[in-house]
Amino acid sequence: MTKVIDGKAFAAKVRAEVATHVAALKEKGIVPGLAVVLVGEDPASKVYVKNKHASTVEVGMNSYEHRLDAATSEADLLALIDKLNADPAVHGILVQLPLPGHLNSELVINRIDPAKDVDGFHISNVGLLGTGQKSMVPCTPLGCLMMLRDHHGSLAGLNAVVVGRSNIVGKPMAQLLLGDSCTVTIAHSRTKDLAAVCRGADILVAAVGRPEMITGDFVKPGATVIDVGINRIERDGKGKIVGDVHYESAAAVAGAITPVPGGVGPMTIACLLANTLTACCRSNGLAEPKGLTA
């Protein structure tokens, strides 16, 4: 019987753990604070920011929202980041992507203090993660790692294949799996005989951004399949959200699988809160909470 890994339930558990730690910090007079910066009116981004605000308040943290006009200049945005970097009440800073076309995303992200970079996108954090040092870890891969550790216990010695080489998911996911002593292959859309490569995996992480590309014949019997994809498609005249994995055919073969929706997605915001808590503990010289970071 294939186990369905319930990301919604797991994320609720992570948020509850974060809330417990936040309550303990408040007794010491410390309140973790997350600042979210939204530039422009992108509808999906507005929904994400609203959800992040609600989740931040729910666990007892301070939420600082900065909504800027789409025409905001790079100089003004960088000045706001400088101000947030210098504010001791702000422990995490997140600039919602994508940014309007006239703004340089890399320049903006790399202006954030790496210790407050709760997205884990700053080049310093990328380098620290790649060399096995303490860093801020990107939220989505961190959520995947938490679910894998929960399901498997130890990941040591398992063969892992990550399909996708993005800076946001694929590459950091591979680094985290290496850190837990997996044997890791990074595959992608141009990998020769991708299905055969995937069939060698005990852990298969799909983060390629193509709807239902990974079918059951890519999956080794009993493997754990983590589907990071969120793709909106039309089927039978109706809009539907599907992953990068064809769920029915993969679930028939896998030992465990994450659904879409309700799998990796809810873990991303839960891990954003966990990262903000970790950043707060580090900045105050306190031990960071166990099990909530890599």
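A residue is called buried here when its relative accessible area is under 20%, exposed when over 50%, and partly exposed in between, using a 1.4 Å probe and protein chains only. At 1% relative accessibility, Thr-224 therefore counts as buried.

This is a predicted model, in which local features need pLDDT of at least 70 and side-chain atom pairs count only at pLDDT 80 or more, while totals for chains, interfaces and linings use all residues. Residues are numbered from 1 along each chain as its sequence is written, and side-chain values use heavy atoms, with hydrogens and water left out.

**The chain as a whole**

The chain holds 10 helices and 11 strands; these are DSSP runs numbered from the N terminus, with helices being H or I of at least four residues and strands E of at least two. Its radius of gyration is 19 Å, close to the 19 Å given by the globule rule for 294 residues, so the chain is as compact as a globular protein of that length. The radius is taken over C-alpha atoms, and the rule is 2.2 Å times the number of residues to the power 0.38. Along its principal axes the C-alpha trace spans about 50 × 40 × 35 Å. Buried residues account for 48% of the 294 residues. A contact means heavy atoms within 4.5 Å; among contacts between residues at least 6 apart in sequence, 67% join residues at least 24 apart.

**Domains**

UniProt, in an unreviewed entry, places two domain features on the chain, one at residues 5-119 and one at residues 138-282. UniProt positions follow the numbering used here, feature names are shortened, and annotations may be inferred rather than shown by experiment.

| UniProt domain feature | Residues | Helix | Strand | End C-alpha distance |
|---|---|---|---|---|
| Tetrahydrofolate dehydrogenase/cyclohydrolase catalytic | 5-119 | 48% | 16% | 24 Å |
| Tetrahydrofolate dehydrogenase/cyclohydrolase NAD(P)-binding | 138-282 | 36% | 21% | 17 Å |

A separate division gives domain 1 (29-115) and domain 2 (139-265), with bounds from an automatic or database domain assignment. The C-alpha centres of domain 1 and domain 2 lie 29 Å apart.

**Thr-224 and the six-stranded sheet**

Thr-224 is found in strand β8 (residues 224-227). That strand belongs to an open sheet of six strands, ordered β1-β11-β8-β7-β5-β6 with parallel pairing. Its edge strands are β1 (3-4) and β6 (183-187), each pairing on one side only. Two strands pair if DSSP finds at least two bridges between them; β7 (residues 203-206) and β8 run parallel and are joined by four bridges. Within that pair, Leu-204 stands opposite Val-225 in β8. Beyond neighbours within four places in sequence, Thr-224 is in contact with residues including Ile-5, His-151, His-152, Asp-202 and Leu-204.

**Gly-92 and strand β4**

Gly-92 lies in strand β4 and, at 0% relative accessibility, counts as buried. In a regular strand the side chains alternate between the two faces of the sheet. In β4 (residues 92-95), Gly-92 and Leu-94 point one way and Ile-93 and Val-95 the other, and all are buried. Strand β2 (residues 33-39) pairs with β4 in the parallel sense over four bridges, and Gly-92 is the bridge partner of Leu-34. Not counting residues up to four places away in sequence, Gly-92 touches Gly-33, Leu-34, Ala-35, Lys-116, Val-118 and Thr-276. Gly-92 and Ser-105 are 13 residues apart in sequence and 18 Å apart in space, C-alpha to C-alpha.
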